[in-house]
Amino acid sequence: MKIKHRKPQNLPLLPVTKQRRMMNQPGKWVALVAAIWIQAFTGTNFDFPSYSSNLKAALGMSQVELNYLAVASDVGKAFGWCSGIALLYFPLWVVMLMAASMGFLGYGLQWLLLQGIVSLPYSMVYLLCLLAGCSICWFNTICYVSCIQKFPTNRALALSLIVSFNGVSAALYTLMANALDPNDASLYLLLNALVPLIISVVTFFPILHQPPAQLSSADATRNDSLTFICLYITAVITGLYLITFNSTPSSKYGAQLLLAGAFALLLVPLCLPGIWSTHKWLFRIASTGLRSVLHFRFNLVNHELQQELIPIETERSGTKVITPFDYKEKESISWKMMGKENLTVLEEEHSAKMLVRRLEFWLYFVAYFCGGTIGLVYSNNLGQISQSLGYSSLTSSLVTLYSSCSFFGRLISAGPDFMREKVHFARTGWLALALVPTPIAFILLAASGSEIALQIGTGLIGLSSGFMFSASVSITSELFGPNSSGVNHNILITNIPLGSFLYGVLAAVSYDSTAGSSNQTAAALGDVVVCIGRKCYLQTFIWWACISIIGLASCFLLFRRTKPAYDRHYESNPNKT
């Protein structure tokens with residue numbers, strides 16, 4: 001009998017789609033590092049206390065008028081939703097250049113004002129502060145959208161990582177200013193105008209080249225988690241470096257060396273994913289060659305069996321549509337959500353109209369308004385707080401302390417994602433726990449005006465508000481849908497300008513009224529009245545403590561209402577975020 005031989009077929013060990021996906025892996029990590037750099041150098045609102053006294057003296061303003069300028073920067077964030085709309089019509093890199101241009105104009109003209117080159121009315125300076133604040137929010141939206149698109153599985157880890165680096169902006173700008181001229185506070189405005197523009201140019205090509213996102217396999221997700229662990233370790237080292245050496249007095253030359261070390265640490269995240277991806281790529285190339293030889297011999301013996309494996313392998317390697325979670329689960333229960341009072345499903349998309357009808361949103365809004373925003377207002381007033389307590393020389397170190405603690409608070413917000421396989425606890429519950437230090441800090445500040453109390457209180461507020469700023473991005477995505485987060489999160493943070501205005505006016509009115517009383521006034525800045533003594537901010541600290549307790553209570557109610565949805569999500573998706 002004549003045996004008919006079939007032509008052996010060369011079956012690649014790695015299908016084409018897997019090979020392309022593997023080649024695109026470094027692309028998403030480069031995009032992540034670009035987002036890290038953008039966040040690290042665009043938190044320009046945090047260094048406002050460093051030059052606020054100079055701005056106050058240049059315009060001859062009262063404390064209330066200075067507070068309005070701080071509010072203007074936050075009011076710019078109220079227009080952050082425009083960035084989400086812009087992304088519907090323009091690519092990411094166009095929106096990024098628009099954000100850089102707004103910051104360059106907003107901060108650049110203010111620097112010219114302090115240099116005496118131009119003369120601007122108060123109303124124009126207000127508009128410039130508003131424009132600068134708007135640029136910050138646009139940068140944030142760009143980074144959030146990029147990470148949500150590139151890391152659909154490890155979205156929370158990516159967001160917490162990039163947002164954490166926004167907390168070191170003040171420390172980096174302090175290093176840069178000290179490296180150039182420690183005695184010129186106006187340098188902060190010049191750096192705020194130029195550095196984000198330079199970073200936008202540097203990260204232009206990673207943002208321009210956005211590889212299409214692919215749904216990761218279980219092995220790829222596990223490997224990504226290991227890479228994230230390395231990146232978080234690097235972030236912790238960066239934060240410890242900045243908080244340790246930045247608080248140590250140094251000369252101009254010493255500041256330059258510290259700045260070089262900080263830049264070197266910021267380059268490390270770019271190397272880690274590249275080394276990891278190259279290692280996996282070389283290993284797979286070697287294993288592919290070896291297994292292809294073995295496969296050729298095996299194909300002659302058991303060709304029929306391989307024919308059965310072809311469609312299976314093709315089916316497994318085929319491109320899938322990215323969905324936030326299991327489609328069957330979504331089909332069975334997601335559309336029932338609107339008929340119930342409580343939120344029962346996570347990651348359900350909400351339009352803006354649906355969002356404002358949700359009680360969960362308003363509880364979330366109040367928690368942010370009375371928790372994270374009040375910490376931001378405290379940081380805006382750090383310059384005057386330290387001055388009133390007699391610690392003017394500590395202003396830069398206090399700003400760095402707040403920035404560094406905010407950085408670590410943002411990093412800690414990623415803890416639940418690393419413990420998700422062992423501890424199933426609602427992210428809103430973690431948020432409630434993170435808000436506990438805020439009222440404690442304000443009570444401590446009201447009880448004592450010592451240097452150590454000021455440092456501890458500043459650190460606690462920075463830690464708590466940093467956690468809120470980072471976790472809120474992931475919570476918004478989970479509660480109201482990842483695809484709508486670009487607009488919904490900007491709606492949420494409209495509480496920032498509102499809170500900045502109300503809390504700031506409360507502090508400024510108390511400050512000016514106390515400055516007018518006996519034994520509390522000192523003319524330290526020409527015609528500008530400066531309040532000296534503990535009483536300047538005593539009432540403010542008491543009010544802020546009470547308000548932060550309201551925020552904590554609101555966050556606890558949010559946790560109680562969303563806990564069933566998180567429990568159901570963990571039961572049906574035990575290995576997902």
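Is Ser406 buried or exposed? Keep that in mind while we look around. One caution before we start: this is a predicted model.

Let's take the overall picture. The protein chain has 26 helices and two strands. It holds 577 residues, and buried ones make up 55% of them. The exposed surface of the chain comes to about 25000 Å². Carbon and sulfur atoms supply 67% of that area. Now the contacts. Take those in the chain with a separation of 6 or more: 82% of them join residues 24 or more positions apart.

Back to Ser406. This serine sits in helix H19, which covers residues 395-412. Its relative accessibility is 0%, and the cut-off for buried is under 20%, so Ser406 counts as buried. What does Ser406 touch? Leave out residues up to four places away in sequence, and the list is Gly167, Gly462, Leu463 and Gly466.

Next, the cores. The largest nonpolar core has 83 residues. Those with the most contacts inside it are Leu32, Phe41, Leu161, Ile162, Phe165 and Phe228. Which helix gives the most to this core? That is helix H6, residues 122-150, with 14 residues. Apart from this core lies another one, of 65 residues. Phe361, Ala432, Ala441 and Ile491 are among its members.

Zoom in on Ile162, in the largest core. Set aside its neighbours within four places in sequence. Ile162 is then in contact with Leu32, Ala35, Ile36, Gln39, Cys143, Tyr144 and Cys147.

Now find Ala441, from the other core. Ala441 is one of the buried residues of helix H22, residues 437-447. The others are Pro437, Thr438, Pro439, Phe442, Leu445 and Ala446. What covers the buried residues of H22? The cover includes helix H17 (372-380), helix H21 (427-434), helix H23 (451-480) and helix H26 (535-572).

Last topic: cysteines. How many disulfides does a search of the whole structure find? One. Cys531 and Cys536 form it, with their sulfur atoms 1.9 Å apart. The torsion about their S-S bond is about -90°, so the disulfide is left-handed. Cys531 is buried, at a relative accessible area of 0%. Cys536 counts as buried too, at 0% relative accessibility.

Two further cysteines to look up are Cys129 and Cys555. Cys129 is buried, with a relative accessible area of 6%. Cys555 is buried, with 0%.

Technical notes: Residues are numbered from 1 along each chain as its sequence is written. This is a predicted model: local features need pLDDT of at least 70, side-chain atom pairs count only at pLDDT 80 or more; totals for chains, interfaces and linings use all residues. Side-chain values use heavy atoms; hydrogens and water are left out. A nonpolar core is a set of buried Ala, Val, Leu, Ile, Met, Phe, Trp, Tyr and Cys residues joined through side-chain atoms within 4.5 Å. Buried means under 20% relative accessible area, exposed over 50%, partly exposed in between (1.4 Å probe, protein chains only). Helices (H or I, at least four residues) and strands (E, at least two) are DSSP runs, numbered from the N terminus. Contact means heavy atoms within 4.5 Å. Accessible areas come from the Shrake-Rupley method with a 1.4 Å probe; for residues, only the protein chains shown count as cover. A disulfide is a pair of cysteine sulfur atoms within 2.5 Å.
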